[in-house]
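Hi,

Here is the structure I promised to pass on. Have a look at it first, and then read on for what I found in it.

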Amino acid sequence: MRELDDPGRLEWPLHYDRTATGLAFVGLVRRLEADFEAPCESERDSQDSSEYGRVRVPADATVCGTRIVVCVSKFGSLAEVCADNPGAFLGTEEAREEGALDPADLATVERALAELGYVSIPEELLESDYEGPSALEPFAGRPTWWTRFFGTVW
């Protein structure tokens with residue numbers, strides 16, 4: 001993540017290709033819809049954010065009955081997988097322990113991300129204190145790596 005961190009470019013990287021990012025995202029949505037055999041709600045091209053978009057696998061398509069949210073960054077094809085919403089659990093491990101996330105469902109999402117060229121970053125790591133060169137304090141009282149690569153930057 002440190003290699004992707006450019007303090008002069010908070011919202012997107014230098015050679016950001018909006019069209020390619022959008023096409024990859026559409027492919028992810030379609031893949032998750034096929035894998036879970038359900039339509040997935042999505043939002044994309046987030047403004048004033050380093051997050052590109054989110055895909056939501058509906059709760060009724062998962063084993064545990066909790067929706068799965070996949071957040072995609074504008075930086076380096078980074079992705080995060082969460083049960084319910086980012087921050088709802090301390091991470092996927094806690095969500096599994098509490099019965100909110102089935103290991104097979106998580107594996108399905110992780111496999112799709114890997115096969116489509118995304119790099120899945122654990123929520124636990126993203127919630128650690130940010131220690132990079134970008135000035136994020138105006139945007140968050142306690143900047144985290146999530147703030148840097150998925151948060152609002154203006």
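Gly 117, just after helix H3, takes a positive phi of about 90°. This is a predicted model, by the way, so please read everything below in that light. Helix H1 is likewise followed by a residue with positive phi, Glu 37, at near 50°. A further positive phi, near 55°, belongs to Gly 76 in the hairpin of E3 and E4, where four residues sit between the strands.

Back to H3 itself. The helix covers residues 103-115 and lies across E3, E4 (78-83) and E5, running at about 165° to E4. Its 13 residues should span 18 Å at 1.5 Å a residue, and the end C-alpha atoms are indeed 18 Å apart. At its start, a side-chain oxygen of Asp 102 comes to within 3.0 Å of the backbone nitrogen of Ala 104.

Which residues of H3 are buried? They are Asp 105, Leu 106, Thr 108, Val 109, Ala 112 and Leu 113. Looking down the axis of H3, these buried residues fall within an arc of 155°, so they line one face of the helix. That fits the usual helix geometry: with 3.6 residues a turn, residues three or four places apart point the same way. On the other side of H3 you will find Pro 103, Ala 114 and Glu 115 exposed. The cover over the buried residues of H3 includes H1, E3, E4, helix H2 (92-97) and E5.

H1 can be read in much the same order. This helix (residues 18-36) lies across E1, E2 and E3, and runs at about 10° to E2. It has 19 residues and reaches 27 Å from first C-alpha to last, close to the 27 Å expected at 1.5 Å a residue. The buried set in H1 is Thr 21, Gly 22, Phe 25, Leu 28, Val 29, Leu 32 and Phe 36. Seen down the axis of H1, they fall within an arc of 120°, so here too the buried residues line one face of the helix. Turned away from that buried side are the exposed residues Thr 19, Leu 23, Arg 30 and Ala 34. Among the elements covering the buried residues of H1 are E1, E2, E3 and H3. At the start of H1, a side-chain oxygen of Asp 17 reaches to within 3.1 Å of the backbone nitrogen of Thr 19.

Now the sheet. It is open, has five strands in the order E1-E2-E3-E4-E5, and its pairing is mixed. E1 (41-44) and E5 (119-120) stand at the edges with a single partner strand each, so one side of each has no neighbour in the sheet. Going across the sheet:

- E2 (residues 51-57) and E3 (residues 68-73) pair in the antiparallel sense over six bridges, with Val 55 opposite Val 70 in E3.
- E3 and E4 also run antiparallel, joined by five bridges, and Val 69 stands opposite Cys 82 in E4.
- E4 and E5 pair in the parallel sense over two bridges, and the bridge partner of Leu 78 in E5 is Val 119.

How many of the residues of E4 are buried? Six of its six are. Leu 78, Glu 80 and Cys 82 are buried on one side, and Ala 79, Val 81 and Ala 83 on the other, so both faces of E4 are covered. The general pattern behind such a split is that side chains in a regular strand alternate between the two faces of the sheet.

Two single residues are also worth a look. Ser 73 lies in strand E3 and, at 2% relative accessibility, counts as buried. Its side chain reaches the backbone oxygen of Ser 50 at 3.3 Å and the backbone nitrogen of Phe 75 at 3.0 Å. Leaving out residues up to four places away in sequence, Ser 73 touches Ser 50, Glu 51, Tyr 52, Leu 78, Phe 149 and Phe 150.

Met 1 is in the segment before H1 and counts as partly exposed, at 26% relative accessibility. Beyond its neighbours within four places in sequence, Met 1 is in contact with Leu 78, Ile 121, Leu 125, Leu 126, Trp 145 and Phe 149.

Cheers

Conventions:
Residues are numbered from 1 along each chain as its sequence is written. This is a predicted model: local features need pLDDT of at least 70, side-chain atom pairs count only at pLDDT 80 or more; totals for chains, interfaces and linings use all residues. Side-chain values use heavy atoms; hydrogens and water are left out. Two strands pair if DSSP finds at least two bridges between them. Contact means heavy atoms within 4.5 Å. Axes are lines fitted to C-alpha atoms, for helices over the stretch in contact, and angles run from 0 to 180 degrees between N-to-C directions. Buried means under 20% relative accessible area, exposed over 50%, partly exposed in between (1.4 Å probe, protein chains only). The expected span of a helix is 1.5 Å times one less than its number of residues. The arc is that of the directions from the helix axis to the C-beta atoms. A polar contact is a pair of N or O atoms within 3.5 Å; within protein, one must be able to donate a hydrogen and the other to accept it, and residues adjacent in sequence count only if both atoms are side-chain atoms.
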